[in-house]
Amino acid sequence: MRPRGAATGATQRCAQGVDDFTPLIALLPQYATAYVHRGHCRPQLLKFGDAVADFTKALTLDPGDPFAFNGRGETYYVIGEYALAIADYTQAIALAPED
């Protein structure tokens, strides 16, 4: 029961995260970090295309954000887009080699 409960809790927290960040983005559409945070919630909800869209929007607003590249790379990896994942991971490392 515990693993299922933990997974349910994580999914509920991610659903709440999307619900929290969506109105924030409506109020502050140029706030790249909100797209990154919402993007990290989306894969837990199996919304991979939405996650890629959020990370891509964040990168449009802040092309130097290594967390957006890393998050999009993780999403690409999960959906089997390995060449795209490697490209994003490479960019994230170039921007923040110490992380």
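What share of the contacts in the protein chain with a separation of 6 or more comes from residues 24 or more positions apart? The share is 41%. The legends below describe a predicted model.

**Figure 1. The whole chain is built from helices and holds no strands.** The secondary structure comes to five helices and zero strands. From the N terminus on, the elements run α-α-α-α-α. The protein chain has 99 residues, and 33% of them count as buried.

**Figure 2. Helix α2 is largely enclosed by the rest of the structure.** Seven of its 10 residues are buried, so the helix is described as largely enclosed. The buried residues of α2 are Ala32, Ala34, Tyr35, Val36, Arg38, Gly39 and Cys41. One of these, Val36, is in contact with Asp65, a residue of the loop between α3 and α4.

**Figure 3. Helix α4 covers residues 66-78.** At 1.5 Å a residue, its 13 residues should span 18 Å. The end C-alpha atoms of α4 are 18 Å apart, which agrees with that expectation. Buried in this helix are Pro66, Ala68, Phe69, Gly71, Arg72, Gly73, Thr75 and Tyr76. What covers these buried residues includes α2 (32-41), α3 (48-61) and α5 (82-95). After α4 comes Gly80, with a positive phi near 85 degrees.

**Figure 4. Asp65 caps the N-terminal end of α4.** Asp65 sits in the loop between α3 and α4. A side-chain oxygen of Asp65 lies 2.8 Å from the backbone nitrogen of Phe67. Is Asp65 buried or exposed? Asp65 is buried, yet it has no salt bridge. The nearest side chain of opposite charge belongs to Arg72, 11 Å away. Salt bridges are counted within 4 Å, so this pair does not qualify. Leaving aside neighbours within four places in sequence, Asp65 is in contact with Val36, Leu59 and Leu95.

**Figure 5. The structure holds one aromatic pair.** Tyr77 and Tyr82 form this pair. Their ring centres are 5.4 Å apart, and the planes meet at 65 degrees. That geometry is edge-to-face. Why does Tyr82 count as partly exposed? Its relative accessibility is 47%. Partly exposed residues fall between the 20% limit for buried and the 50% limit for exposed, so Tyr82 belongs in that class.

Terms used. Residues are numbered from 1 along each chain as its sequence is written. This is a predicted model: local features need pLDDT of at least 70, side-chain atom pairs count only at pLDDT 80 or more; totals for chains, interfaces and linings use all residues. Side-chain values use heavy atoms; hydrogens and water are left out. Helices (H or I, at least four residues) and strands (E, at least two) are DSSP runs, numbered from the N terminus. The expected span of a helix is 1.5 Å times one less than its number of residues. Buried means under 20% relative accessible area, exposed over 50%, partly exposed in between (1.4 Å probe, protein chains only). Contact means heavy atoms within 4.5 Å. A polar contact is a pair of N or O atoms within 3.5 Å; within protein, one must be able to donate a hydrogen and the other to accept it, and residues adjacent in sequence count only if both atoms are side-chain atoms. Lys and Arg count as positive and Asp and Glu as negative; His and the chain ends are not counted. Rings of Phe, Tyr and Trp (its six-membered ring) pair if their centres lie within 6.5 Å; planes under 30 degrees apart count as stacked, over 60 as edge-to-face and the rest as tilted.
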